[in-house]
Amino acid sequence: EQSADGVTLCLVDGTRLAGSHAIACDGAGGVLRDLAGITVRRRPYGHRVLRLMTEADVSGAVPGGAAPVTYLADATGGCSILCMPPLRPGGPDIWRIVTRIPPEMADEVAMDEAHVRPLLRRFLPAIAEAPLVSRDVYGVAMAMAERYRAGRVLVAGDAAHLTNTRGGMNMNQGIHDAATLAAAWGCDAALGGWASMRKAAAENALLPRSDARATSGDETALMAKVCADPLAARQWALEASMIDIARLGGPA
């Protein structure tokens with residue numbers, strides 16, 4: 001419920017929470033976003049990925065050690081590796097391994113041991129036989145909120161934009177949403193500017209950059225060229241990390 005002075009959230013248990021604004025950062029499902037009447041434009045990328053989760057120490061399985069986010073590639077494909085918090089207090093870190101699967105491959109085949117183990121032996125032979133906590137296949141899609149503000153409700157993060165996961169660009173954009181929104185807080189005019197500028201950043205930078213990464217093939221030659229030029233390498237890093245647009249929407 002919205003009024004000229006604030007917004008009230010009515011929870012399913014009858015609890016009512018009142019505030020000056022509500023920030024919808026409740027993920028791709030976007031319940032609060034939908035309740036505010038903000039529509040979403042969606043488009044599938046047309047490919048699926050296999051996600052494997054293990055408690056094995058993946059960091060020692062990568063030459064030189066794996067960073068919290070690591071990408072491995074050969075001439076025909078690659079995988080991303082992400083270190084995540086333990087499932088239980090005091091437990092080992094969880095490592096997420098993600099790789100794209102051929103369009104003709106069924107989900108069940110992709111998750112079968114006959115496909116999973118050779119894949120691990122190919123990229124991470126040291127943990128090729130490690131137990132897996134879980135495995136699943138999911139489709140990758142683009143989603144973009146048609147607006148980032150509806151009265152006193154604002155949207156940020158995955159509720160506002162969802163893109164290809166390659167490179168972590170969508171995650172970085174969400175972090176930048178939060179940082180710039182916090183910086184703009186306290187001024188209604190600034191919040192209006194924040195909403196329009198963050199939406200423009202998503203549409204004009206995040207989406208085309210992540211789309212390019214979603215459809216690109218072997219990047220070995222491109223990266224060799226970039227690495228050979230310090231200025232090109234710096235620009236590539238600024239754009240890949242979204243740092244060049246990180247402050248859009250925040251105060252000057």
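In what order do the 3 strands of the open sheet stand, and is their pairing mixed or not?

## A three-stranded sheet

In this predicted model, the open sheet is formed by 3 strands in the order β3-β10-β9, and the pairing among them is mixed. The edges are taken by β3 (22-24) and β9 (149-150), each of which has a single partner strand, so one side of each is left without a neighbour in the sheet.

Strand β10, which covers residues 153-155, runs antiparallel to β9, and the two are joined by 2 bridges. Where Ala150 is concerned, its bridge partner in β10 is Val153.

## Helix α3 and its surroundings

Helix α3 spans residues 113-123, and its buried residues are His115, Val116, Arg117, Leu119, Leu120 and Phe123. These buried residues pack against the strands β4 (40-54), β5 (69-74), β6 (77-84), β7 (94-101) and β8 (134-145), and also against helix α2 (107-111).

At the N-terminal end of α3, Asp112 acts as a cap, with a side-chain oxygen that lies 2.9 Å from the backbone nitrogen of Ala114.

## Arg198 in helix α5

Arg198 has its place in helix α5, which runs over residues 188-215. Is Arg198 buried or exposed? Arg198 counts as buried, because its relative accessibility is 0%, and buried means under 20%.

A polar atom of the Arg198 side chain lies 3.2 Å from the backbone oxygen of Ile245. Leaving aside residues up to four places away in sequence, Arg198 touches Tyr148, Gln173, His176, Asp177 and Thr180, together with Ile245, Ala246, Leu248 and Gly249.

Terms used:
Residues are numbered from 1 along each chain as its sequence is written. This is a predicted model: local features need pLDDT of at least 70, side-chain atom pairs count only at pLDDT 80 or more; totals for chains, interfaces and linings use all residues. Side-chain values use heavy atoms; hydrogens and water are left out. Two strands pair if DSSP finds at least two bridges between them. Helices (H or I, at least four residues) and strands (E, at least two) are DSSP runs, numbered from the N terminus. Buried means under 20% relative accessible area, exposed over 50%, partly exposed in between (1.4 Å probe, protein chains only). Contact means heavy atoms within 4.5 Å. A polar contact is a pair of N or O atoms within 3.5 Å; within protein, one must be able to donate a hydrogen and the other to accept it, and residues adjacent in sequence count only if both atoms are side-chain atoms.
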